[in-house]
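Work through these exercises with the sequence and the 3D view side by side. Try each task before reading its solution.

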Amino acid sequence: MNDWTKMMNTLDLSRTINGFKSQGQKLLGSQEEVVGLRIRHPFLLLRSVLLISLLALACNLSVGVATSHNETIGLATTEVLEAPSLEQLPSELPGETLLSTPAGSQAAPSPNASIQPIGVFKLAVIVDLSSELVSREQAHRVVAEADQILLDQTGIGFTMVDFVEITPDSRVIDLASDYIATHPENLPNGILIFSFGDENTARSYGGYFLTLPAPAGFVNEYVSSTYGDNQIYVAINHFGHRYAACGYGDEEVDAPVQASSFNGECRNLDGVACVENNGYSMCCNAVDNLYASTPTYFTASSIVHEFLHPFGPNGVEDHYYTPTCNQAMAEEASLRRYSEEFSLEESESYNGLCPYVYDNLEFGYRP
Ligand SMILES: [Zn+2]
């Protein structure tokens, strides 16, 4: 399997964190399969559905009765899964290797002056000027927000070490491989590309990730047991992605066309009232959620999500509250907090990922 195929196999069409958008992962050339989330506690599910339906109705009085067309409301809706691939099986962990700090890194100051990070995950940020404009200051601020989120979970933080604006000649992912080719002596741990993505993938889903091999001799301080120690982690994120968008009907529609949800919005609950929040039209029952806590929290959370994915061995099954996650957590794969039943608050606090992924990042750090 060549590098290109391998890279595409790592593509994660992610980010719709347990309900407010669909989540999924795709392999080129493989059959896509849509499955529902395993139901651990049917009674609790029913209770969750009732609770959420009532909540929806409570902020929905002016727009009529909400109707459901999905039986898994309240839990993750559906995920696009892929055929198992050898590329996704964990490989042997490589031995520890020292990596000196690249000369000339322009580390941005951390906003967490009081917290000494145990490790810094250096990000080069590339803005695809053909998608949407993101200023250096905006990039700096959202990376700082992602830094805070990751620090709170792991003691490891993000730092923006470079900022590049470019219009791609061809595919968006070529921006990442070109960056690697032109910065062989000064490689970051990860490359964050703000873009709609190839085939509009990031615009549709929020973001996705891939890994790219670095030149021979490079060893990433953050070692993935799945992808090895010489990969550069790449996330393609849609900066302006609307969390819990309401009344648009489609991510590519710029202005709301109605005052209540439809077409899968608001966790597949039609008729939820839309309210103006964070500068766009949002499901009224989402405004108090963590992801809506700042205008850019969801983007920051998506950055954490995509850069943590490569540290899980199971692709989309490394998401929060999947069957694989539930089983692993029942077997104490991580000692982090994990509820018996689905918790939206908990899901968002883990950025939609299973808690063990954070442990894997910590274990994989080889300074
Ligand atoms: Zn994901």
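**Exercise 1. Strands β7 and β9**

How many bridges join strand β7 to β9, and do they run parallel or antiparallel?

*Solution.* Bear in mind that this is a predicted model.
- Step 1: Find β7 at residues 190-194. Find β9 at residues 231-237.
- Step 2: Five bridges join β7 to β9. The two strands run parallel.
- Step 3: Check one position. G190 stands opposite Y233 in β9.

**Exercise 2. The sheet around β9**

Find the order of the strands in the open sheet, and say which strands stand at the edges.

*Solution.*
- Step 1: Start on the β8 side of β9. Strand β8, residues 207-213, pairs with β9 over seven bridges in the antiparallel sense. L210 stands opposite V234 in β9.
- Step 2: Go to β5, residues 119-128. Ten bridges link it to β6 in the parallel sense. V127 has E165 in β6 as its bridge partner.
- Step 3: Put the strands in order. The open sheet has five strands, β6-β5-β7-β9-β8, and its pairing is mixed.
- Step 4: Read off the edges. β6 and β8 each have a single partner strand, so one side of each is left without a neighbour in the sheet.
- Step 5: Add the twist. From one strand to the next it averages 25°.

**Exercise 3. How enclosed is β9?**

Decide whether the two faces of β9 are covered or open.

*Solution.*
- Step 1: Apply the cut-off. A residue is buried if 20 or more other C-beta atoms lie within 10 Å of its own.
- Step 2: Take one side. Q231, Y233, A235 and N237 are all buried.
- Step 3: Take the other side. I232, V234 and I236 are buried too. Both faces are covered.
- Step 4: Conclude. Seven of the seven residues of β9 are buried, so the strand is largely enclosed by the rest of the structure.

**Exercise 4. The largest nonpolar core**

Which residues touch the most other members of the largest nonpolar core?

*Solution.*
- Step 1: Note the count. This core has 84 residues.
- Step 2: Name the residues with the most contacts inside it. They are V125, I193 and V234.
- Step 3: Ask which element gives the largest share. It is α3, with eight residues.
- Step 4: Look across domains. At least three core residues come from each of domain 1 (3-49 + 305-364) and domain 2 (86-237).
- Step 5: Zoom in on V234. Leaving out residues up to four places away in sequence, V234 touches A176, G190, I191, I193, F209, L210, T211 and L212.
- Step 6: Recall the general pattern. In soluble globular proteins, nonpolar side chains tend to be buried together.

**Exercise 5. Helices against the sheet**

Work out how the buried residues of α4 are arranged, then place α3.

*Solution.*
- Step 1: List the buried residues of α4, residues 172-182. They are V172, I173, L175, A176, Y179 and I180.
- Step 2: Look down the axis of α4. Its buried residues fall within an arc of 150°, so they line one face of the helix.
- Step 3: Turn to the other side of α4. A181 and T182 are exposed there.
- Step 4: Ask what covers the buried residues of α4. The cover includes β5, β6, β7, β8 and β9.
- Step 5: Place α3. It lies across β5, β6 and β7. It runs at about 160° to β6.
- Step 6: Compare with α10, residues 356-364. Its buried residues are Y356, V357, Y358, N360 and L361. Their cover includes α3, β6, α7 and α8.

**Exercise 6. Two residues with positive phi**

Are R267 and E332 buried or exposed?

*Solution.*
- Step 1: Locate R267. It is found in helix α6, residues 265-268. Its phi is near 60°, a positive value in a residue other than glycine.
- Step 2: Count neighbours. R267 has 27 C-beta neighbours inside 10 Å, so it counts as buried.
- Step 3: Locate E332. It is in the loop between α8 and α9. The phi of E332 is also near 60°.
- Step 4: Count again. E332 has 9 other C-beta atoms within 10 Å, so it is exposed.

How values were computed:
Residues numbered from 1 in each chain as written. Predicted model: local features only at pLDDT ≥ 70, side-chain atom pairs only at ≥ 80, totals over all residues. Buried ≥ 20, exposed ≤ 12 C-beta atoms within 10 Å, placed from the backbone. Helix = DSSP H or I, 4+ residues; strand = E, 2+ residues; numbered from the N terminus. Contact = placed C-beta atoms within 7 Å. Pairing = 2+ DSSP bridges. Axes fitted to C-alpha atoms, helices over the stretch in contact; angles between N-to-C directions. Core = buried A, V, L, I, M, F, W, Y, C linked by C-beta atoms within 7 Å. Domains from an automatic or database assignment. Arc of directions from axis to C-beta.
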